[in-house]
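Trainee: Please take me closely through a single part of this model, and connect what you find there into one account.

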Amino acid sequence: MSVFCQWPTGTVMQVDIGQFFAEHDIVPVLIDRAPDAFAKVVYRAKKLVDAGKELTPAEVRDEPKVEWYADPTALYTLVMIDPDSPSRMEPWNREFAHWLVGNIPGRHVQNGETLFEYIPVFPRSGVGFHRYIFLVFQQQSWNDYSEAPRASNKNRTPRIRFSTRDFARRYSLGSPVAGNFFIAQYDDFVPVILARFPASDDY
């Protein structure tokens, strides 16, 4: 079904979000149902995540601003994943979680409970594009994430082989209410990102 999606700032576009997520193998591979609407994701220098278009690792090195039409009285969970780690053809580390924030009041991500701090993308050289997917879930109530893993922006290990579907089921998140994604491939900024972390062949 085609739907009109209007950002909080007023920009409007018409898309079939269900077909879009299916065509890009997000539904049903990673989640059972497409989001209800697109989330607005903006990086520094006003770089906008635009429904699967390419951004560079340098352009997305800082935590973005994410907006969606939210009930101000509700709580939300936001996740950003890479399902193509280390490559789309051989994704044996699927999914790699770049960012995870729960108990977000309304759409105020900065006031949520950060489980995985944001880390930039670092696709390997020679493996082509990776998809980087943002999903927003509306919680039924406040969630106790005390037993969920935590990761700073200098720690990659807990993020490997994350399952959005399993996490959503564990915490009764249901289907996403908003989402978006971009693609990126290796560039010269990736070694700068990887220098933060211990050397490893697991990513």
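Mentor: The lining of the second largest cavity is made up of seven nonpolar residues, two polar ones and no charged ones, where Ala, Val, Leu, Ile, Met, Phe, Trp, Tyr, Cys and Pro count as nonpolar, Asp, Glu, Lys and Arg as charged, and the others, Gly among them, as polar. The model is a predicted one, in which local features need pLDDT of at least 70 and side-chain atom pairs count only at pLDDT 80 or more, while totals for chains, interfaces and linings use all residues. Residues are numbered from 1 along each chain as its sequence is written, and side-chain values use heavy atoms, with hydrogens and water left out.

A cavity here is a set of points, on a 1 Å grid over the protein atoms alone, where a 1.4 Å probe fits but cannot get out, and its lining residues have an atom within 4 Å of a point; points are joined across faces, edges and corners, and the volume is the space filled by probe spheres set on them. By this rule there are two cavities of 30 Å³ or more, and the second largest has a volume of about 30 Å³. Its lining consists of Thr77, Val79, Leu100, Phe137, Phe162, Thr164, Phe167, Ala168 and Leu173. Helix H2 (164-170) gives the largest share of that lining, three residues, and strand E7 (75-82) likewise supplies at least two; helices (H or I, at least four residues) and strands (E, at least two) are DSSP runs, numbered from the N terminus.

Ser163 lies in the loop between E10 and H2. With a relative accessibility of 23%, Ser163 is partly exposed, since buried means under 20% relative accessible area, exposed over 50% and partly exposed in between, with a 1.4 Å probe and protein chains only. A polar atom of the Ser163 side chain is 3.1 Å from the backbone nitrogen of Asp166. The C-alpha atom of Ser163 is also 7.7 Å from that of Arg94, although the two residues are 69 apart along the chain.

On the other side of that loop, strand E10 (residues 130-138) carries Tyr132, whereas Phe182, 50 residues away, belongs to strand E11 (residues 178-184). Tyr132 is buried at 0% relative accessible area, and Phe182 is buried at 0% too. Their ring centres are 5.2 Å apart and the planes meet at 25 degrees, so the pair is stacked; rings of Phe, Tyr and Trp (its six-membered ring) pair if their centres lie within 6.5 Å, with planes under 30 degrees apart stacked, over 60 edge-to-face and the rest tilted. Tyr132 and Phe182 belong to one aromatic cluster with Tyr43, Trp99, Tyr118 and Phe134.

Technical notes: Polar contact = N/O pair within 3.5 Å; in protein donor to acceptor, adjacent residues only side chain to side chain. 1 Å grid on protein atoms, 1.4 Å probe; cavity = no way out; pocket = protein on both sides within 12 Å on 5 of 7 lines; lining within 4 Å.
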